[in-house]
Amino acid sequence: MTETQLREQICLLAKSMFDRGLTGGSTGNISARTEDGGLLVSPTGTSFGRLDPARLSRFDAKGQLVGGDQPTKEMPLHTAFYDTRSTAGAVVHLHSCHSVAWSMMPDADEDNFLPPLTPYAIMKLGKVKLLPFFMPGDPAMGEAVRGLAGKRSAVMLANHGPVVAGKDVEAACNAIEELEDTARLAMLMRGYDARALSPEQVQSLVAKFDVEWD
Ligand SMILES: [Zn+2]
């Protein structure tokens, strides 16, 4: 994929998520590795509905801003994933309603945020770590991700939103949509004593699809 195609893909998938209400206003941010080891990042204060391919923040392989507008202030979150996960080709962060709601439940599971309701959430996300609340832009968010030492591809920032790394833009976006859909299912089924997947079914998925499950 050329850099021009990558720029267009970032903006296209961001707009698709915005159009379906997965992140509103000027929330959400997205980044992707370029072939030369640099990064393309959504600029600060921009809306996912109106990202301009030509104005994405462009970093070189040394982490210097070399083009485009100023990047999102949540940049430390993104670099924390790239620095700790060699397989990360893209990182996306949303303020998606149902996952935020689920993060506020009194019995929220910090080690395994999503209940095992469907196979794809397990296959695409592995275990999702619930991190505490941080003030917006606090670099401690990035430090908390670094503290996971690359063992998780997805985290949920309590009262804020999910952050997911994937091998490329499409994989990261698909995975974060799975996270939000599963949180929505969890909210829908709350109080119904829903039949989730059994521990044996979860273990079979983890083994069969080589899921990271530490
Ligand atoms: Zn945010």
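The following paragraphs lead through a predicted model, from an annotated domain to a zinc site, two residues of interest, a helix and some backbone angles.

The UniProt record, an unreviewed entry, places the feature "domain: Class II aldolase/adducin N-terminal" at residues 8–187. Over that stretch the chain is 34% helix and 17% strand. The C-alpha atoms at its two ends are 34 Å apart.

The zinc ion is a convenient starting point. Its protein donors are Glu 74, through OE, and His 93, His 95 and His 160, each through NE2. These donors lie 2.0 to 2.6 Å from the zinc ion. In sequence, the donor residues follow the spacing E-x18-H-x1-H-x64-H. His 95 and His 160 link distant parts of the chain, being 65 residues apart. His 95 sits in the loop between strand S5 (90–93) and helix H3 (97–103), while His 160 sits in the loop between strand S7 (154–157) and strand S8 (161–166). The angles subtended by the 4 donor atoms around the zinc ion run from 91 to 139°. Four donors count as tetrahedral if all angles lie between 85 and 135 degrees, and the arrangement here is therefore irregular. The two linked histidines also differ in burial class: His 95 is partly exposed because its relative accessibility is 29%, whereas His 160, with a relative accessible area of 10%, is buried.

Thr 72 belongs to the loop between strand S4 (65–67) and helix H2 (75–84). The side chain of Thr 72 reaches the backbone nitrogen of Glu 74 at 2.9 Å, and Glu 74 is one of the zinc donors. Thr 72 has a relative accessibility of 7%, so it counts as buried. Apart from neighbours within four places in sequence, Thr 72 is in contact with Asn 29, Val 41, Ser 42, Pro 43, Thr 44 and His 78.

Val 92 lies in strand S5. Its relative accessibility is 0%, so Val 92 counts as buried. Not counting residues up to four places away in sequence, Val 92 touches a set of residues including Met 17, Asn 29, Ile 30, Phe 48, Pro 162, Val 163 and Val 164. Asn 29 thus appears among the contacts of Val 92 and among those of Thr 72. The C-alpha atoms of Val 92 and Ile 10 are separated by 9.9 Å, although the two residues are 82 apart along the chain.

Val 92 also touches Ala 172, Cys 173 and Ile 176, which are among the buried residues of helix H6. Helix H6 covers residues 169–189, 21 residues in number. From first C-alpha to last it reaches 30 Å, close to the 30 Å expected at 1.5 Å a residue. An α-helix has 3.6 residues a turn, so residues three or four places apart point the same way. Other buried residues of H6 include Val 169, Leu 179, Thr 182, Ala 183 and Ala 186, together with Glu 177, Glu 178 and Glu 180. Just after H6, Gly 191 takes a positive phi of about 90°.

Positive phi values also occur outside glycine. Most residues other than glycine have a negative phi. Ala 149 has a positive phi near 55° and is placed in the loop between helix H5 (140–146) and S7. Asn 159 has a positive phi near 60° and lies in the loop between S7 and S8, where the zinc donor His 160 is also found. Asn 159 counts as partly exposed because its relative accessibility is 44%.

Notes
Residues are numbered from 1 along each chain as its sequence is written. This is a predicted model: local features need pLDDT of at least 70, side-chain atom pairs count only at pLDDT 80 or more; totals for chains, interfaces and linings use all residues. Side-chain values use heavy atoms; hydrogens and water are left out. Helices (H or I, at least four residues) and strands (E, at least two) are DSSP runs, numbered from the N terminus. Buried means under 20% relative accessible area, exposed over 50%, partly exposed in between (1.4 Å probe, protein chains only). A polar contact is a pair of N or O atoms within 3.5 Å; within protein, one must be able to donate a hydrogen and the other to accept it, and residues adjacent in sequence count only if both atoms are side-chain atoms. Contact means heavy atoms within 4.5 Å. UniProt positions are given in the numbering used here, feature names are shortened, and annotations may be inferred rather than shown by experiment. Donors are N, O and S atoms within 2.8 Å of the metal (3.2 Å for Na, K and Ca); water is not among the atoms, so sites may look incomplete. Four donors count as tetrahedral if all angles lie between 85 and 135 degrees; four count as square planar and six as octahedral if opposite donors are over 155 degrees apart and all others between 65 and 115; anything else is irregular. The expected span of a helix is 1.5 Å times one less than its number of residues.
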